[in-house]
Amino acid sequence: MAQWENLTMPGIEALGRQTQTVILPLGSLEEHGPHLPLGTDTFHAMEVARRVARLRPVLVAPPLFYGMCRSTREHPGTVSISGDALRTLLLAVGREFCRQGMRHLVFISGHAGGTHISAILEAGEQLLAELPEVRVAVVNLLELLREVVAEQPDLVKTRGDSHAGEVETAIMMAAYPDLVRGTAPEEWPKFPKYVLVRNKRRYWPGGVWGNPAPATAAQGEAILAAEADRLSLVISSLEESDDR
């Protein structure tokens with residue numbers, strides 16, 4: 001598998017003759033209940049990227065473990081950066097990818113927070129404006145999962161599951177079983193509508209949004225395989241696009 005950090009200088013030159021596509025896995029360093037590691041979102045993106053690299057020639061860049069975490073920022077272990085910091089970093093890295101001959105930039109995020117995804121989209125749009133030869137895809141893995149579940153509705157039992165619940169527990173059981181610490185109680189937080197709150201743990205004490213109990217490793221394997229297949233189709237569309 002073509003992981004940028006593991007390649008030699010001649011190795012990356014050789015790969016550059018096969019592909020101009022780079023995947024940057026993005027996530028967060030964020031609480032995921034009492035049973036999943038803080039890097040779960042990033043591990044998810046890394047695993048999908050690696051699986052895509054087995055399906056087609058792409059370069060997988062080192063992941064970014066830091067993102068914007070609004071609703072979990074007060075929980076132990078969560079490290080959140082600002083939107084400005086995230087955009088600045090993605091712009092700098094994107095420009096360097098282009099300078100190294102990568103023309104198709106794929107940002108995939110296992111963290112699906114709205115402000116986080118917005119910052120990635122803004123950086124992608126700016127890269128399009130600055131670099132006429134570059135094409136950019138921004139993929140929210142939660143959205144990709146929704147497409148998968150629409151085609152395979154029996155794949156996930158818990159409706160509305162979104163954070164450290166059935167899906168993420170299953171994915172981690174399949175890809176990183178040594179990092180899973182059992183399970184956790186079902187939890188459905190209720191934040192005030194419209195009103196911003198300082199003490200977010202008051203409304204979300206356990207850090208789970210969903211129900212981890214039904215998760216299985218086989219289910220996680222099926223989800224990851226389907227996500228990799230769909231991301232590969234996105235990359236095909238990106239590489240074939242004539243948008244300039």
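These legends accompany several close-up views of one predicted model.

**View 1. The whole chain, with its seven helices and four strands.**
Let us start with the overall layout. Going from the N terminus, the elements follow the order α-β-α-β-α-β-α-β-α-α-α. The radius of gyration is 18 Å, close to the 18 Å that the globule rule gives for 244 residues, so the protein is as compact as a globular protein of that length. Along the principal axes, the C-alpha atoms fill a box of roughly 50 × 40 × 30 Å.

**View 2. Inside and outside of the protein: buried residues make up 50% of the 244 residues.**
The protein exposes about 11600 Å², and 54% of this area comes from carbon and sulfur atoms. Among contacts with a separation of 6 or more, 77% are between residues 24 or more positions apart.

**View 3. The open sheet, built from four strands.**
If you step across the sheet, you meet the strands in the order S2-S1-S3-S4, and the pairing is parallel. Strand S2 (59-60) and strand S4 (135-140) stand at the edges with a single partner strand each, so one side of each is left without a neighbour in the sheet. As general background, strands of a sheet pair through backbone hydrogen bonds, either parallel or antiparallel.

**View 4. The pairing of S1 with S2 and with S3.**
Strand S1 covers residues 21-26 and pairs with S2 in the parallel sense over two bridges. Here you can find isoleucine 23 opposite valine 60 of S2. S1 also pairs with S3 in the parallel sense, this time over six bridges. On that side, threonine 21 has histidine 104 of S3 as its bridge partner.

**View 5. Strand S3 under cover.**
S3 is mostly covered, with six of its six residues buried. His104, Val106 and Ile108 point one way from the strand, while Leu105, Phe107 and Ser109 point the other way, and all are buried. Both sets of side chains are worth tracing in turn.

**View 6. S3 beside S4, joined by six bridges.**
The two strands run parallel. Two pairs make handy landmarks here. Valine 106 has alanine 137 of S4 as its bridge partner, and phenylalanine 107 stands opposite valine 138 of S4. S4 is mostly covered too, as five of its six residues are buried.

**View 7. Helix H3 packed on the sheet.**
Helix H3 spans residues 83-99 and touches both S1 and strand S3 (104-109). The direction of H3 makes about 160 degrees with that of S1.

**View 8. Helix H4 and the β-α-β unit.**
Helix H4, residues 114-130, lies across S1, S3 and S4. With respect to S4, the helix runs at about 170 degrees. Follow the chain from S3 through H4 to S4 and you trace a right-handed β-α-β unit.

Technical notes
Residues numbered from 1 in each chain as written. Predicted model: local features only at pLDDT ≥ 70, side-chain atom pairs only at ≥ 80, totals over all residues. Heavy atoms only, no water. Pairing = 2+ DSSP bridges. Contact = heavy atoms within 4.5 Å. Axes fitted to C-alpha atoms, helices over the stretch in contact; angles between N-to-C directions. Rg over C-alpha atoms; globule rule 2.2 N^0.38 Å. Buried < 20%, exposed > 50% of the residue type's maximum accessible area, 1.4 Å probe, protein only. Areas by Shrake-Rupley, 256 points an atom, 1.4 Å probe, with all protein chains shown as cover. Right-handed = clockwise from strand over helix to strand, strands pointing away.
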